[in-house]
Amino acid sequence: MIGIVSYGGYIPRLRLNRMAIYRHMGWFAPALVTVAQGERSFCNWDEDVLTLAVEAGRNCLRGRDRSRVDGHYLCSTSFPFTDRLNAGISKEALNLRDDLPAMDFSSSQRCGTSALLTALDVVKGGSCGEVLLAAADKRPTRPASFYEMWYGDGAAALLLGSENVLAEYLGGVSLAKDFVGHYRGAGRDFDYTWEERWIRDEGYSKIIPEAVGALFEKLSITMEDVDHLVFPCFFKAEHRKIAKKLGAGPEKLIDNLHEVCGETGAAHPLVMLCHALETAKPGERILLCGFGQGADALLFRVTDEIASRERGAFLRTLENGCATENYMKFLKFRDLIDPEMGIRAEAPTQTAMTVLYRNRKMLHGLIGGKCASCGTAQFPKMDICVNPDCRATGTQTEHPFADEPARVKSFTADLLAVSVDPPAIYGMVEFENGGRFMADFTDVEKEDVAVGQPVRMVFRKRYTDKERGFSGYFWKALPILQKKTETGASRSSDFDDRVAVVTGAGAGLGRVYALELAARGCKVVVNDLGGAADGRGDSKNAADAVVEEIRQAGGEAVASYDSVATPEGGEAIINAALSAFGRIDIVINNAGILRDRSFLKLGPEDWKAVLDVHLAGAYHVTRPAFAKMREQGYGRIVFTTSAAGLFGNFGQTNYSAAKLGLVGLMNSLKLEGLKYDIKVNTVAPIARTRLTEDILPPDLLERMRPEFVAPLVLYLCREDCEESGQVFNAAMGYYNRSAIFTGPGAVVGDGRTPPTPEDIHRHFDAIHDLGNAREYHNLTEALNPMIDAFESGPADGNGGGSSEPGGVAAIFKRMPEAFQADKSEGVSAVFQYVIGGDGGGEWFVTVKEQTCSVQKGRADAADTTIKMDGADFLALMQGKANAMNLFTTGKLKVEGDMMKSQLIGKLFRF
């Protein structure tokens, strides 16, 4: 099997509102308003085809072994160099091996798909194991032209290979036709374009269907066998018409992205393919077309491998736009206007090719040194170690810094220095694993930079020698903006110094939980087995991708690939937190699988597999964590139930049983954790994840983003959360609590002789009635109404309460008389009472070795503290009030060991 092993894309951060073009130039070209919808992407002044391609390539290769790449193809129609191997520069920047073929593909808008066909043939032939293909374009256009509106800048990269293929290549065709819709002559800056109607009617509308028809004939398929149709066409209406002509409905057509970035030239078919792969499901087929002096058509089948991959990185780069109305900035960044730069800009810019070649690894690859003797990293690499305690010579080995996390050590915003986008921001960058150097900052405003802020390094254009037509490149620091998290909330330090374990964190809900916690200062263990939705298979890619995402954002995280389904796996997951960070404060049990079957088709294997992950898995992970939380006197635990468990769902008996079992686990664990400030809660989320994408209707899926669930889960993990033992539903920004309520019931018979079924039938309405139903918080509370139903009514006035002189004080005076020593065997407890109101005060009752003593004041250490008003206390002692009612209405408050408080009714009888 050969095909796509990995993919990545990059859309520049800057976006120009197309209406800004119309507002400035509509007086000259009023027809521009017809295509002035949305935004177009555009490069910063220090970005070009090479920097775009390198960033897309880095995204594609994240977490992968770059030494396995055997070839590198770069595709564009707007290369910065006409006679210099552009792929050779990007190869250096990506730190790929020297002994591989690097090639440029150009001269056609379909050079990206043509190179893709070539790369697949090379992999199939066996001469290369893996080929990295990148395509990028930054096409120049005249101001106030339709193409200025239609075009955008961007890049995409694909890694082609034969192992762990996520999209299998099924076949392709290529048509070459010298159809000239536009051309750019040698030495010309801009395309010469022909009439749009000609391009639309004779180009897109005829050549693309011809290529698709040839592919269908070759593979003996029809459009019925295709799930996603991908092809570029900047005419939005024609894009839909061509799809309809091919027999593809709107549900199959991948959007041409006009409103969010524009058409990215040679990269655009691959950019759209990345967009399709972000949501594609295993088994779906994707038809990809490239257009330009002919057309290419390729068919891919998405494999099960994609289920184990973290997706969404391309969508984030697509959404991570910074919109501007500044059309003049756009024109300057593209050298379409030439304002005065001052004499400071007249510095010599000639590049010494000898120096560039000798230092190419340092300049293009950001390769520094690391001392083999002491391990100190430094940039640049030198003959002598900078560590004053080492100073060894000749011990430096190559050390790549491009992907190392770093922070701002110091910075300045210089209004005097020459800059295309003043002020020039630069400063000292310090890498977390050692090494520092002075760097220019990019893609950031002065007010968004701070000392200590995390940065990541990006490959950018440093200068342009216009006289000689040469661009020089180096690495710049890109400060990571942390104003907003994925949920849109302001960044805070709610979880500084806390450590969390999130299971199933490689995608979906778990990934969002992990990112949000890390964004708020929490150290995170990202656990994910990396299997498919049914639990089969494993891969490290999912967890690694999220860890890398957290680290790139300046957070701290480690990966865990252990299965929650075994005790050993659960121990290993918690040990990963203890080994990396020294403690464990938060556990979010999120891991899950689905094996849906109707009950009679549900075999023992599928029953056990689901319970092992959901219910047993929560036990395996929580038990070792609970032990550490109890030692430290603090913890927050969140279980994940489901509406299927709370209310039922057809075909999910295994899943429903496991999910409601988690509620039972929570109900008891909350009592055991009460004394140690361990709060235990459960969330029932409904969100778009790989487990729900085949269950929920498509229109609902679009609204059910995991980001809507995360705020509730994070609240339940906070230190100031007082809730414990609660179940909450969450979806689409709607939240509510679920609870089990018990009706008042009915006494049937005398409690001595069992009633008959006929008796039950006669009283069934009362038994069934939920009017005045109550919520109970433990087993004893639930049993009390049953016991009380057969006991005598209120006290007769001779027993205590207000009939006794002294009121509250008299009750405590008589407590030793009410003590039932025969029921206190093995009990050792101190009960502290805090009674408010008239006649109130503080007393503590000590029960030990079947004796009882009552003293006024505060105990040095109480097991349970009971707080209530004096009037309510007297009513309770007289039998005129129910303890459960007082508790649920907040009139009776219990602190400390809840279980021991339930002994009071057993130990004392007034």
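**Figure 1. The buried side of helix α6 in this predicted model.** Start with the residues of α6 that are tucked away: Ile199, Gly203, Tyr204, Ser205, Ile207, Ile208, Pro209, Ala211, Val212, Leu215 and Phe216 are its buried ones. The helix itself covers residues 196–219, which makes 24 residues. From first C-alpha to last, α6 reaches 33 Å, close to the expected 34 Å. As a reminder for reading helices, an α-helix has 3.6 residues a turn, so residues three or four places apart point the same way.

**Figure 2. What sits over α6, and what comes after it.** Several elements help cover the buried residues of this helix. Among them are two helices, α5 (146–150) and α7 (236–245). Strands β8 (167–176), β12 (285–291) and β13 (294–302) also belong to the cover. Just past the end of α6 comes Ser220, and its phi is positive, near 55°.

**Figure 3. Asp46 and its neighbours.** Look for Asp46 in the loop that runs between β3 (39–41) and α2 (49–61). Is Asp46 buried or exposed? Asp46 counts as buried because its relative accessible area is 1%, and the cut-off for buried is under 20%. Leaving aside residues up to four places away in sequence, Asp46 touches Thr51, Thr442, Arg460, Lys461 and Lys476. With one of these, Arg460, the side chain of Asp46 makes a polar contact of 3.0 Å.

**Figure 4. A cis peptide bond at Pro380.** Here the bond to look at joins Phe379 and Pro380. It is cis, with omega at about 0°. Pro380 belongs to the loop between β16 (377–378) and β17 (396–400).

**Figure 5. A cis peptide bond between two prolines.** Pro422 and Pro423 are the pair in this view, and the peptide bond joining them is cis. Omega is about 0° for this bond. To find Pro423, go to the loop between β18 (406–414) and β19 (424–431).

**Figure 6. Asn164, a non-glycine residue with positive phi.** Asn164 is not a glycine, yet its phi is positive at about 50°. The loop between β7 (154–161) and β8 is where Asn164 is found. How does Asn164 count in terms of exposure? Asn164 is partly exposed, because its relative accessibility is 47%.

**Figure 7. Gln293, in the loop between β12 and β13.** Both strands appeared earlier, as part of the cover over the buried residues of α6. Gln293 lies in the loop between them. Although Gln293 is not a glycine, it has a positive phi of about 50°. Its relative accessible area is 22%, so Gln293 is partly exposed.

**Figure 8. Stepping back to the whole chain.** Having seen the close-ups, you can place them in a protein chain of 910 residues, of which 52% count as buried. The chain holds 28 helices and 37 strands, and its C-alpha trace spans about 110 × 70 × 60 Å along the principal axes. Of the contacts with a separation of 6 or more, 71% are between residues 24 or more positions apart. On the outside, the accessible surface is about 40900 Å², and 52% of that surface belongs to carbon and sulfur atoms. As for charge, there are 103 positive and 119 negative side chains, with the centres of the two sets 2 Å apart.

Notes:
Residues numbered from 1 in each chain as written. Predicted model: local features only at pLDDT ≥ 70, side-chain atom pairs only at ≥ 80, totals over all residues. Heavy atoms only, no water. Helix = DSSP H or I, 4+ residues; strand = E, 2+ residues; numbered from the N terminus. Buried < 20%, exposed > 50% of the residue type's maximum accessible area, 1.4 Å probe, protein only. Contact = heavy atoms within 4.5 Å. Areas by Shrake-Rupley, 256 points an atom, 1.4 Å probe, with all protein chains shown as cover. Lys, Arg positive; Asp, Glu negative; His and termini not counted. Charge placed at Lys NZ, Arg CZ, Asp CG, Glu CD. Polar contact = N/O pair within 3.5 Å; in protein donor to acceptor, adjacent residues only side chain to side chain. Expected span 1.5 Å × (residues − 1).
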